[in-house]
Amino acid sequence: MIRHHPAAEILVDYARGALDRGASLVVACHLDVCEICRSETRLWEGVGGALLEKLDPAPLDANALARIMTRLDDQQPHRPTREVGLPAYLNRYSIPRALKHESVASRRWVTPGIWFAPIVAKEKTGRRTYLIYASRGTVMPEHQHGGGEFTFVLHGAFSDPSGTYGKGDFAETDERAVHAPAVTQESCCLCLISSDAPMALKSWPARTIQRLLGTPY
Ligand SMILES: [Zn+2]
C-alpha cells in the first residue's frame, strides 16, 4: 500500500513541466503506480489548460505543434513502451513504465551490499539521478544533502526518522535533513533517486569510497 505521496506543489511543478528531467522521472514513476496522484496531476494539467485558453492567442512557432504532439504522446497511459533494453540485473524487479524508456548504466558496487547505477541523461544542471540497491538490513552511511532529493521506492522498504517508505512510495528530503536510511529486514531495497547535489557524507571511510567512485553521489 502506498503511504507517501509527492506534495501538491511537486505535482503542480510536474504538471507545468517545471521540474528537471531527473526529478520529473522520479515523480513519473510514482504516478505510474498511484491513481490518487495521477488524478491530482490531471486536475492541475486541466487548470493549466484552462488558464492558457484565457490568454490572447499568439502565433505558434513552426515546431510548436510537433512538441505538443510529443507531449500528448508521452501522456498516453497505455502506449506500447519503446523499451531501450534495461540491464539484465533489473529483470527481477517490476519496473515502472516511465523508467523503461531510460538508459541505465552498469552497476557500481560500493560495498558487498550496496550498488549504484546512474541513469544516463543529459542534464543541464549538476543533478544526479541513479538507482541504488542495498541488501536487507543495510544501514546507509549518515549523510546530508546539498540540495533537494526525490526518491521512489521500486522494491523493498527503508526507514529514516521521517518514516518508513515501501514499494511505490515517494520521499522528499531537503538540504537540512541529516539521516542514515536503513533497509528493513524483510527484503533488499531498490530506489530511484534524483538529487540537486551530491550527498555530504559524514564519515571519512564513506567519503573515501565516494571519491574513489569518481562520481560523487
Ligand atoms: Zn501518490
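This tour moves through a predicted model, stop by stop, with a selection to make at each one.

**The whole chain**

Begin with the full protein in a cartoon view. Its secondary structure consists of five helices and 13 strands. Of the 217 residues, 39% are buried. Among contacts between residues at least 6 apart in sequence, 65% join residues at least 24 apart. Several of the stops below show such links between distant parts of the chain in detail.

**Salt bridges**

How many salt bridges does the count give? The count comes to seven salt bridges, and three of them are visited here.

Select Asp20 and Arg127, and display their side chains. These two residues form a salt bridge, in which the closest N and O atoms are 3.1 Å apart. Asp20 belongs to the loop between helix 1 (8-15) and helix 2 (21-33), while Arg127 belongs to the loop between strand 3 (114-120) and strand 4, so that the pair links parts of the chain 107 residues apart. Are the two partners buried or exposed? Asp20 counts as partly exposed because its relative accessibility is 29%, whereas Arg127, at 13%, counts as buried. Now add Asp196 to the selection: Asp20, Arg127 and Asp196 are linked in a network of salt bridges.

Next, select Glu102 and Arg21. Their side chains meet in a salt bridge with an N to O distance of 3.2 Å. Glu102 is in the loop between helix 4 (64-75) and strand 1 (103-104), and Arg21 is in helix 2; the two are 81 residues apart. Glu102 has a relative accessibility of 8% and therefore counts as buried. Arg21, at 42%, counts as partly exposed.

Then select Asp32 and Arg97, another salt bridge, with the closest N and O atoms 3.7 Å apart. Asp32 lies in helix 2 and Arg97 in the loop between helix 4 and strand 1, so this pair ties together parts 65 residues apart in sequence. Both residues are partly exposed: the relative accessible area is 25% for Asp32 and 23% for Arg97.

**A buried charge without a salt bridge**

Select Asp169, in the loop between strand 8 (163-165) and strand 9 (170-173). Which side chain of opposite charge is nearest to Asp169? That side chain is Arg3, 4.5 Å away; Asp169 is buried yet has no salt bridge. A salt bridge requires a nitrogen within 4 Å of a carboxyl oxygen, which is why a separation of 4.5 Å does not qualify. Display the surroundings as well: the residues that Asp169 touches include Met1, Ile2, His4, His30 and Phe152.

**The cavity**

Rolling a probe the size of a water molecule over the atoms shows where empty space is left. In this model there is one cavity of 30 Å³ or more, and it holds about 250 Å³ of space. To find it, select Ile132, Met140, Phe158, Pro181 and Ile193, which lie nearest its centre among the 23 lining residues. Elements that give two or more residues to the lining include strand 5 (143-145), strand 6 (149-155) and strand 12 (189-195). Strand 4 gives the most, with four residues. Colour the lining by class to see 14 nonpolar, six polar and three charged residues.

**A last stop in strand 5**

Finally, select Gln144, which is found in strand 5. Gln144 counts as partly exposed because its relative accessibility is 23%. Add Val178 and place a distance marker between the two C-alpha atoms: they are separated by 4.5 Å, although the residues are 34 apart along the chain.

Terms used: Residues are numbered from 1 along each chain as its sequence is written. This is a predicted model: local features need pLDDT of at least 70, side-chain atom pairs count only at pLDDT 80 or more; totals for chains, interfaces and linings use all residues. Side-chain values use heavy atoms; hydrogens and water are left out. Buried means under 20% relative accessible area, exposed over 50%, partly exposed in between (1.4 Å probe, protein chains only). Lys and Arg count as positive and Asp and Glu as negative; His and the chain ends are not counted. Contact means heavy atoms within 4.5 Å. On a 1 Å grid over the protein atoms alone, a cavity is a set of points where a 1.4 Å probe fits but cannot get out, and a pocket is an open set with protein on both sides within 12 Å along at least five of seven lines; lining residues have an atom within 4 Å of a point. Grid points are joined across faces, edges and corners, and a volume is the space filled by probe spheres set on the points. Ala, Val, Leu, Ile, Met, Phe, Trp, Tyr, Cys and Pro count as nonpolar, Asp, Glu, Lys and Arg as charged, and the others, Gly among them, as polar. Lists of a residue's contacts leave out its neighbours within four places in sequence.
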